[in-house]
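Biologist: Could you take a close look at one helix for me and tell me how it sits in the protein? Please start from the whole and work inwards.

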Amino acid sequence: MGGAVSGSAAVGDAAGAVTYPVMLNVYDLTPINNYLHWCGLGIFHSAVEVHGSEYSFGAHDYPSSGVFEVEPKNCPGFIYRCTVFIGRTSLSPMEFREFIQRMASEYHGDTYHLISKNCNHFTDDLSTRLTGKSIPGWVNRLARLGAFFNCLLPESMRLESTETKNLADCRFSDDSHTTSNDNFDEDDLEDKHLLPTSSVGEDAIVKEVHR
């Protein structure tokens, strides 16, 4: 599993158009992946790295965006495994910022589901929109197997219900952080975890905040 990292800088094509690399950073959720990956399985968190930041999707209890931004290859609470080069995008940093804020409105934290709408579904969608290429199949294989055997899953995890809402670990520059066992309350969301609402999207992105 994994892939070679290439195309790490902006380049111009024959027509002079500048493109930027899009990378997938994959993390282990559990050390048992060291054994499962030989079977083509694993429990992974993934995030898309573009323009010097990393973006993923986590859960919370509110009808606002669960998309968050962290330092690349350094998502707290997970064990970094590898980086896979996905492709290139023509979106400039400013264009991408507007794009990701619009996309964030489609991924509310209270819609997160381990089987049908998890972080890997988000990164696959983001990668496809940016490059026309999907993430490697092994990253989200367990969720696809779970959907196939939906009737055998515990009721709380079946596709017709919503899984518990816990935001993936995310540390902020003021040294505050959330863990996978923490729920956001309204004060947390309003105080420091959300960017100002974008003029091009109804929701903001959870990110590191520089005071």
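**A close look at helix α3**

Modeller: Happily! Of the protein's 211 residues, 45% count as buried (under 20% relative accessible area with a 1.4 Å probe, protein chains only). This is a predicted model, in which local features need pLDDT of at least 70, side-chain atom pairs count only at pLDDT 80 or more, and totals for chains, interfaces and linings use all residues. Residues are numbered from 1 along each chain as its sequence is written, and side-chain values use heavy atoms, with hydrogens and water left out.

The protein has five helices and nine strands (DSSP runs numbered from the N terminus: H or I of at least four residues for helices, E of at least two for strands). Along the sequence they follow the pattern β-β-α-β-β-β-β-α-α-α-β-β-α-β.

Now to your helix. α3 covers residues 119-131, and its 13 residues should span 18 Å at 1.5 Å a residue (1.5 Å times one less than the number of residues). The C-alpha atoms at its ends are 18 Å apart, which agrees.

Which residues of α3 are buried? They are C119, N120, F122, T123, L126, S127, L130 and T131. These cover an arc of only 155° around the axis (taken from the directions from the helix axis to the C-beta atoms), so they lie on the same side of α3.

As for partners, the buried residues of α3 pack against the strands β2, β3 (44-50), β4 (53-57), β5 (67-70) and β6 (79-89), and against helix α2 (93-104) (contact means heavy atoms within 4.5 Å).

Methods:
Buried means under 20% relative accessible area, exposed over 50%, partly exposed in between (1.4 Å probe, protein chains only).
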